[in-house]
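Me: I should like to learn how to read the contacts between two chains in a model. Could we work through one case together?

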Amino acid sequence: MSPTMRRYVRYALVLLLSVALILFAQEIKLIKNPDSTPITSMTFVGLGILWLFSFIGVIIADLMKLVPIKVIRDFPILGWVSITSLSLCLVSDFFVEAIQAVDFLAITTPILTVAGISVANRLVDLRKTSWKVAIVAVFVFAGTYVCSALLAQLGLFLAGN
Amino acid sequence: MVKNFVYFLVFVLAVIAAAELIGIQTFSIGSMNISMLPLVFAIAIAMILALPFLRKGILKKIYSKKNVDFASKYLIFIMLPLMARYGSDVAPQIREILQVGWVFIIQEIGNLGTVLIGLPIAILIGLRREAIGATLGIGREGELAYISEKYTLESPEGRGVISLYVIGTLFGTMFFSIFAPILLDFGFRVEALAMASGVGSGSMMSAASATLVARVPEMESTILAYASASQLLTSFIGTFTMVFLAAPLQQFMYKFLVRGDKK
């Protein structure tokens, strides 16, 4: 296998792991709360579609690295996957229906689990950051969110919506 | 190596199971309702067990260098199905979104709030050049790249942005999942809060929008559609907002705020 091929196989397997973890989370969610999104054959189709769209997005992101426009080259892979999925979902409602059979919150739990493990070795970096920046961080995060929310609220009001 | 990975996998499953079994916990402080989602418990458990003094025996094997490296290298791929899910949330509502498209663009300017609110506070508590790095944006990869190009990461500006990056990575999702619904109690419309959730970090956006969904489940499709559309817009024009609006505004305000300092 060529190195490129091997890389794609690895991506494909990681994506498979990701959708498998989602299924697991949805299953546990059902045990905790039987009224949450049920696991049907549509859920499996939905997970397959999520896997496929993600993989297509990865390939597109790679191809776009060849484009000589910086903004497009630097556009994040996460964005390409959203665009791929959005375009294909606009083409067929079937995709939307299948993906919606996957519980939204069940998708988020595995991600944050892996995120938590990924920062494990950065916990020590905290000692190097000053408490002052920690205070500033609260206002920085709150600032962007509140200002955007205020403008959005005003905009929606003016739009009469 | 394979054995190592088995530890990792079993641990991930155990954390997910624990987080999901804890479920959504809501408690109120005064008139505010704070909901904690399984995602908050998941990241909290995974981080707490990683504390250096706990890393003995099996935890040491779970948090082996290989496993932690695997998690950080492939985190972005683990996130991709979530991004694909957002496509299906936006698609059915694309018409409505385009109708209020200008509102989405206007609220992007709200991302200047990092400078407008963060910078005065930073100067007030005694930060100087670090404040440039710490308030330019929410300290994700975009700001990191810009600051390192302009000032290098060894400079005070660089230290500021790295500190914010570390804090954001560790606590950003938790912050937004708690903060977003608080604003709901302040009377903000859930649509506006959903739009504002596109702050430029996929996991922070997900945390903010997910808690909004938990609070207003009947609006789930609108919340997710607005949040992800706004996130997508931020990833397109966020760099421009930073370079052409946030950075000049920051320079102007910085000079004004530190004018009393001795040379």
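Reply: Certainly; please note at the outset that this is a predicted model. Let us begin with the charged pairs: the structure holds ten salt bridges over all chains.

Me: How many salt bridges are there between chain A and chain B?

Reply: The count between chain A and chain B is one. Lys29(A) pairs with Glu20(B), and their closest N and O atoms are 2.9 Å apart. This pair crosses between chains, running from helix H1 of chain A, which holds Lys29(A), to helix H1 (residues 2–22) of chain B, which holds Glu20(B).

Me: How many residue pairs are in polar contact across the interface of chain A and chain B?

Reply: The rule finds 20 such residue pairs, with both residues at pLDDT 80 or more.

Me: Which elements supply the side of chain A that touches chain B?

Reply: Those giving two or more residues are helices H1 (3–32), H2 (41–64), H4 (77–91), H5 (93–99), H6 (104–118) and H7 (131–158) of chain A. The largest share, 25 residues, comes from H7(A). By class, this side of chain A has 61 nonpolar, 19 polar and seven charged residues.

Me: What is the extent of the contact between the two chains, in residues and in buried area?

Reply: In residues, 87 of chain A are in contact with 111 of chain B. In area, the two chains bury about 8900 Å² between them, with 81% of it on carbon and sulfur atoms. On the chain A side, Phe104(A), Phe141(A) and Tyr145(A) lose the most area to chain B, together 10% of what that side buries.

Me: How should one describe two packed helices?

Reply: One gives the angle between their axes and the distance between the axes. Here, H2(A) packs with helix H4 (residues 65–90) of chain B at an angle of about 110°, and their axes are 8 Å apart. H2(A) is therefore roughly perpendicular to H4(B), since angles of 65 to 115 degrees count as such.

Me: Which residues of H2(A) and H4(B) meet there?

Reply: From H2(A) come Leu50(A), Phe53(A), Ser54(A) and Val58(A), and they meet Phe77(B), Leu80(B), Pro81(B), Ala84(B) and Arg85(B) in H4(B). By class, this contact has seven nonpolar residues, one polar and one charged.

Note on methods:
Residues numbered from 1 in each chain as written. Chains lettered and ligands numbered in written order. Predicted model: local features only at pLDDT ≥ 70, side-chain atom pairs only at ≥ 80, totals over all residues. Heavy atoms only, no water. Contact = heavy atoms within 4.5 Å. Buried area = accessible area lost by both parts, 1.4 Å probe. Salt bridge = Lys/Arg side-chain N within 4 Å of Asp/Glu carboxyl O. Polar contact = N/O pair within 3.5 Å; in protein donor to acceptor, adjacent residues only side chain to side chain. Helix = DSSP H or I, 4+ residues; strand = E, 2+ residues; numbered from the N terminus. Nonpolar A, V, L, I, M, F, W, Y, C, P; charged D, E, K, R; others polar. Axes fitted to C-alpha atoms, helices over the stretch in contact; angles between N-to-C directions. Parallel < 35°, antiparallel > 145°, perpendicular 65-115°, else oblique.
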